[in-house]
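Dear colleague,

Please find below the structure for your review. A description of what was found in it follows directly after.

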Amino acid sequence: MLFTVELERKAYWAIKKLNFDAELAGRKRLMQLNELDEFSLHAYENAKLYNEKTKRWHDKHIQHCEYEPGQLVLLFNSRLRLFSGKLKSRWSGSFEVVRVTPHGAIELRMLGGERTFLVNGQKVKQYYGSDFDRQKSKVLLAND
């Protein structure tokens, strides 16, 4: 029985040392839980505000392009992985716009071709060049 008395004495000593009040401890724990809920709510609100601001900034910087049938465009080739050269352009073209769908898809046709295909409107950009790149030109360099 010595063990039981010793345990009771240690438990009584711990309660006396900590001034343990079950009701006070319960209220303190409830207060901590409420603070934790409030902190979580503030974090959720801050994340929501951050996401809204980021979306507004992103939407403000999107460049909307209107394409019309007959317009010349360049197509971004995202599958070009053969040569990883920095100087190799990933834009190919020029293509002619045949039709624009209301949801952003664009039907294209190669110049001089008959086959058409649909692409995402975000993978094209306007082509402002002329037919110069299809013409061969000769430049003579003089040796002086």
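I begin with one pairing in the sheet: Arg99 has Glu107 of β3 as its bridge partner. Please note that the model is a predicted one.

The two residues of this pair also meet through their side chains, which make a polar contact at 2.8 Å. Glu107, which belongs to strand β3, makes a further side-chain polar contact with Thr116, also given as 2.8 Å. Is Glu107 buried or exposed? Its relative accessible area is 15%, and because the limit for a buried residue is under 20%, Glu107 counts as buried. Beyond four places in sequence, Glu107 touches Glu96, Val97, Val98, Arg99, Thr116, Phe117 and Leu118.

Overall architecture

The protein has two helices and five strands, and their order along the sequence is α-α-β-β-β-β-β. Of its 144 residues, 10% count as buried. Among contacts with a separation of 6 or more, 40% are between residues 24 or more positions apart.

Strand pairing

The strands pair as follows.

- β1 with β2: the two are antiparallel, with five bridges; Phe76 stands opposite Trp91 of β2.
- β1 with β5: strand β5 covers residues 124-126 and is joined to β1 by three bridges in the antiparallel sense. Here Leu75 faces Val124 as its opposite residue in β5.
- β2 with β3: these run antiparallel and are joined by five bridges.
- β3 with β4: five bridges again describe an antiparallel pairing, and Ile106 has Val119 of β4 as its bridge partner.

Two hairpins deserve mention for their backbone geometry. The hairpin of β2 and β3 has four residues between the strands, and within this hairpin Gly104 adopts a positive phi near 105°. In the hairpin of β3 and β4, with five residues between the strands, Gly112 has a positive phi near 80°.

The loop between β2 and β3 also holds Thr101. A polar atom of the Thr101 side chain lies 2.9 Å from the backbone oxygen of Ala105. With a relative accessibility of 17%, Thr101 counts as buried.

The nonpolar core

Which residues make up the largest nonpolar core? There are nine: Tyr67, Val73, Leu75, Phe95, Val97, Ile106, Leu108, Val119 and Val124. The elements that contribute two or more residues to this core are β1 (72-76), β2 (91-100) and β3 (105-110). In soluble globular proteins, nonpolar side chains tend to be buried together.

Val73, a core member, lies in strand β1. Its relative accessibility is 1%, so Val73 counts as buried. Leaving out residues up to four places away in sequence, Val73 touches Tyr67, Ser94, Phe95, Val97, Leu108, Val124, Lys125, Gln126 and Tyr127. One of these, Ser94, is 21 residues from Val73 in sequence, with a C-alpha to C-alpha distance of 5.6 Å.

Phe95 is another member of the core. Its contacts, apart from neighbours within four places in sequence, are with Gln71, Leu72, Val73, Leu75, Leu108, Arg109, Met110 and Phe117.

Aromatic rings

The count of aromatic pairs comes to two. One of them is formed by Phe95 and Phe117 in an edge-to-face arrangement, with 5.7 Å from centre to centre and 90° between the planes. This pair links distant parts of the chain, since Phe95 is in strand β2 while Phe117 is in strand β4 (residues 116-120), 22 residues apart.

How do the two rings stand with regard to burial, and what are their relative accessibilities? Phe95 has a relative accessibility of 6% and therefore counts as buried. Phe117, at 22%, counts as partly exposed, because the buried class ends under 20%.

Trp91, mentioned above as the residue opposite Phe76, is also involved in an interaction with a charged group. The charged end of Lys125 sits over the Trp91 ring, 4.4 Å from the ring centre.

In closing, Glu107 may be a convenient place to begin the inspection: Arg99 and Glu107 are bridge partners, and the Glu107 side chain makes polar contacts with the side chains of Arg99 and Thr116.

With kind regards

Definitions and conventions: Residues numbered from 1 in each chain as written. Predicted model: local features only at pLDDT ≥ 70, side-chain atom pairs only at ≥ 80, totals over all residues. Heavy atoms only, no water. Core = buried A, V, L, I, M, F, W, Y, C linked by side-chain atoms within 4.5 Å. Buried < 20%, exposed > 50% of the residue type's maximum accessible area, 1.4 Å probe, protein only. Contact = heavy atoms within 4.5 Å. Phe/Tyr/Trp six-rings, centres within 6.5 Å; stacked < 30°, edge-to-face > 60°. Lys NZ or Arg CZ within 6 Å of the ring centre and 35° of its normal. Polar contact = N/O pair within 3.5 Å; in protein donor to acceptor, adjacent residues only side chain to side chain. Pairing = 2+ DSSP bridges.
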